[in-house]
Amino acid sequence: MKYDAIVVGAGHAGVEAALALARLGNETLIVTLDKRSVSHMACNPNVGGTGKGHLVREVDALGGQMGLNADASLLQIKMLNKNKGAAVQSLRGQTDKEVYHENMLRTLLSQERLTLLEGECEDLLVEKGAVKGVVVDGEKYEARAVVLCTGVYLSSRTITGEEIRDAGPYGFANSAKLSSALLEKGLPLRRFKTGTPARVYADSIDYSVMEREDGDYDINCFSFLTEDKLLKQEPCYLTYTNAETHRIIRENIDRAPLYNGTIHGVGPRYCPSIEDKVMRFADKERHQIFIEPEVKDGELMYVQGMSSSLPKDVQEAMYRTVKGLENVRFARYAYAIEYDCIDPLALSPALEVKAISGLFSAGQFNGSSGYEEAAAPGIMAGINASRKLHGEPPFVLRRDQAYIGVLIDDLVTKGTNEPYRMMTARAEYRLSLRQDNADRRLTPLGRELGLVDDRRWRSYLARNEKKDAITVAFETSVPLKKVAALFREKGEEATVGMTVGEMLKRPFITAKDVLPFLPEALRDKDLAEEAAVDVKYGGYLLKEQAFRAEARRMEERALPADMNYLAMENLRLEARQKLDKIRPMTLGQASRISGVSPADVAVLITYLIKGNK
Amino acid sequence: METIAAISTPLGAGAIGIVRLSGEQSLSIALRFFHCSGVEKEEDVTPNVLRLGSFVGGSIREKCMMVYFRAPKSYTGEDIVEFQLHGGAYLVERVLETLIGAGAKMAAPGEFTRRAFFNGKVTLDEAEGVAQMINAESEAELREAYSLMSGRFHARIDELISELTKVLSTLEASLDYPEEMAEETDDAIRRAEIVREKMQALLSSFRTGKLIKNGITVAIVGKTNVGKSSLLNSVLGFSRAIVTDVHGTTRDVIEQSMVHKGVKINFQDTAGLRTTRDLVENIGIERSLQAARGADIVLYVMESNGDLDETEYSEIRGFSKRVILVNNKIDVYGNASSGVNVSAKTGEGVEVLLDEIVRATLGEKRAADSLTEERHADCLRRALKSLDEALSSCGSAASECVLVDFRESINALYEIGGGNATESIINDVFSRFCVGK
């Protein structure tokens, strides 16, 4: 059996990689252990969140599927940090897990040039340092490009107290054979850990004693293509742990696998289990618990904040101390899961395994965590596998272009010691990398790549033409009388007439306030709000751009792939070893490696000049 | 590209000192201080022509030459302005300080060459020079005397970084975890204000910066009629203090400054120490001791054949960090076995004494050391400037904007010793706050 490309795994990374490959014209095979696990949301029933929402928008802007798929399954949508600036506002949508899975499965099945195969990938075919295909259930499948997106399934085991099972998430089977094959091929594997809370029956919860959390009704959805706002939404509920919950956890801590040595994998600090929170922050009197729907009008609820690997009897006892959960019945118990993944320092910025040509990887296999952190490198690995097949140079996004660039650069340059989560704090050009301008940053690139179809492209052009017209209209002068009237409404005073843009610079003036001063055709509140962001950030954006200009010059200097760092005596030993291992693509990437000093960078510059003479 | 400035000749040596600006703003910054007939605005300056004029700004009013190289025909490929000044560390550093005050950024080690490289301008030799120059910093740190001082300095920088990290991690956590951080109240801004105070204190105590800026204060003390006032007149080269044979001629502290090898020295001639019933003279003697207490260095003067008054000498050594024993009148009594031998009358030994004063206070400094420290001071100044901006906009700007300035502040601190702000901030978020699902 012969394909152009094979994607191993059909989770959030695998589906984006496979769709990108097929859409870019490659005959593609996607292999999954179980069709029911395609785009399965193994943990929280939501998409987005701070920083993550940006990733979804970026994947969408490039022509990916996650945003559209999330929009089609939304139960609630919310803009986080609504009271803060545009750059740190992120979308988070509660989704119907079943609909999310079904939609994506349908998309895969209806995609031209894409074949879905159920089976277990057992081995990689590698010849002379280049990938040749995979073995699925004993049968050979040939391809010149392979993308590994094995998620948390690789030699995974789930742990609930004393109960340890060789299994994948949610009771799915794990991938038992591939790990040893990868180790044999020399891939540096290691073990990470993550976990999930219990799923409980919706009718066993007393919502009346909890705080109701509603979504936002006046905001756009994830995809730039989704025009409708979400008018019918489901609520979430907020409740808290208490002293009794904490007492039960403390008394049973010797039965917690995290504390008694059963679990060896490295867990994420930003996704702590409830026992971790209670032990590490002993002085906190309570912790938040959000009750979120798994499906629309369904029978199951997700108990966010109560992830645990304590034994079942302890889980029942502690969950039932929480207000509103006194009589709760368990459908699935919380568990921790350990799995094999790769040290991402073995990858190039194109997400290609440096040691094996044509082998790419994405998702939790690369040491990240989260659906969005999987989808983003998923589409990038798909794009780059396709470019490799067509003999084109890699497509790498810079840190000043996209959160995707930050995510991948962090992983392949700095590595990670725990499952990596996106945070806005990681993006040094945060004011420019907003979710509202993701299309402006990336859709033209997606168009050039061939992933943005005509419909998306036309919609992009129309939207941005209007946005630009609004920006120009911000130059319109408004006479003092009108300015003063508006300011007076806000309890402020105006003494001179000014342009719309100048008015917008005042913190108390919103885009909505100035709509009447714009030509009638341009009175679009959403677009005006977006256009106003650049005006409001003004000087701060300029500051950020000054840093970008400097950094970009370093990024534009390529380092030859065949540099013999170990022989460069002027480099300090640590720098030689790190550079040899990571093999940065640019001077900029080299400068971000921990252990490479400014003096080492100067030595590299010297070398580059020598090489050019 | 920001406009950068640096001294491009070795400090303190040579007859000419060159201060160089590179970047778009070079000429406009330069013309704020350079005055010359026929030059009013930027268009009046012909590239590649050396002009004589004067540099007026800060405490400086000096004749100097200025030359402008227009991009891309310059060393860095950007607009460059060079000032050629009379040599001497004091003057060139004041000029540099003035330019930085006007908006230029202190160039990082090798930054001119790095820019030249990026603009395709640099030769191999020059690039190798960059690596050496940057390495000089770590070499300098190996030297014992330096590392003691820099060790203390770095410890204080680390402290500032760790305090500021707490401020940033609180603000960042509330942006990335809006739901969980709602209950976390942390006085980030108050903390930041404390950091600012510490930063100001560190900057003002910056040893070389302060000594070069304010000069070294030297108190001349000793018994009456040992030639203290003559010594002052001798080092100054003109008669500043009244000199007579009468004991107790000098009654008050006489101050006069001079520059020796680029370093400013403020001399304080004091009333001679003796037991007297004269009320005015006793007040003068009290002032002598006060001057000795406040000075960076004390010259204890005696006649070269005199016997050392052990009690008085050890009293002075008790309250002054550095005391140099000076044996005067060697033209009459010959050399003594210990201390510095001078003759105020003939000038013999005075040069040696001045060298000793500079050496004892500033140490055996090389140009590289001074550049290193100037770079550290620049980082610190930038950190303070950004922190000020952050604090002043805290109330009005959104927190992600204020964080741009906070970040710039902590990044400037990280430039001193290297390291990564983002990683430490994120580590701090998770160690201090219970966030995450």
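Me: Which residues gather in a patch of positive charge on the surface?
Reply: In this predicted model, the patch consists of Lys2(A), Lys128(A), Lys132(A) and Arg144(A). Lys and Arg count as positive, so the patch carries that sign.

Me: What makes Lys132(A) partly exposed?
Reply: The relative accessible area of Lys132(A) is 34%. Partly exposed covers the range between under 20% and over 50%, and therefore the term applies to Lys132(A). A patch residue needs over 30%, so Lys132(A) at 34% meets that requirement too. The residue is found in strand 8 (residues 130-136) of chain A.

Me: Why is the contact of Glu122(A) with Lys177(A) called a salt bridge?
Reply: The closest N and O atoms of Glu122(A) and Lys177(A) are 3.3 Å apart. The rule asks for a Lys or Arg side-chain nitrogen within 4 Å of a carboxyl oxygen of Asp or Glu, so the pair qualifies. Glu122(A) belongs to strand 7 (residues 121-127) and Lys177(A) to the loop between strand 12 (163-165) and helix 5 (178-184), so the bridge ties together parts of chain A that are 55 residues apart in sequence.

Me: How do you know whether Glu122(A) and Lys177(A) are buried or partly exposed?
Reply: Glu122(A) has a relative accessible area of 16%; buried means under 20%, so Glu122(A) is buried. Lys177(A), at 45%, falls between the two cut-offs and is therefore partly exposed.

Me: What makes Asp313(A) and Arg255(A) a salt bridge, and which parts of the chain does the pair link?
Reply: Their side chains meet at 3.1 Å, N to O, which is within 4 Å, so the criterion is met. Asp313(A) is in helix 9 (residues 312-319) and Arg255(A) in the loop between helix 6 (243-251) and helix 7 (257-260), 58 residues apart. Both residues count as partly exposed, with relative accessible areas of 45% for Asp313(A) and 24% for Arg255(A).

Me: Why does Glu316(A) count as forming a salt bridge with Arg320(A)?
Reply: The closest N and O atoms of this pair are 3.5 Å apart; the limit is 4 Å, so the pair is accepted. Glu316(A) is partly exposed at 24%, and Arg320(A) is partly exposed at 32%.

Me: Which residues do salt bridges that share partners join into one network?
Reply: The network comprises Arg399(A), Asp409(A), Asp410(A), Lys414(A), Glu428(A), Glu555(A) and Arg592(A).

Me: How many salt bridges are there over all chains?
Reply: The count comes to 70.

Conventions:
Residues are numbered from 1 along each chain as its sequence is written. Chains are lettered from A and ligands numbered from 1 in the order in which they are written. This is a predicted model: local features need pLDDT of at least 70, side-chain atom pairs count only at pLDDT 80 or more; totals for chains, interfaces and linings use all residues. Side-chain values use heavy atoms; hydrogens and water are left out. Patches are made of residues with over 30% relative accessible area and no salt bridge: like charges are joined within 9 Å, nonpolar side chains (Val, Leu, Ile, Met, Phe, Trp, Tyr) within 5 Å. Accessible areas come from the Shrake-Rupley method with a 1.4 Å probe; for residues, only the protein chains shown count as cover. The place of a charge is taken as NZ of Lys, CZ of Arg, CG of Asp or CD of Glu. Helices (H or I, at least four residues) and strands (E, at least two) are DSSP runs, numbered from the N terminus. Buried means under 20% relative accessible area, exposed over 50%, partly exposed in between (1.4 Å probe, protein chains only).
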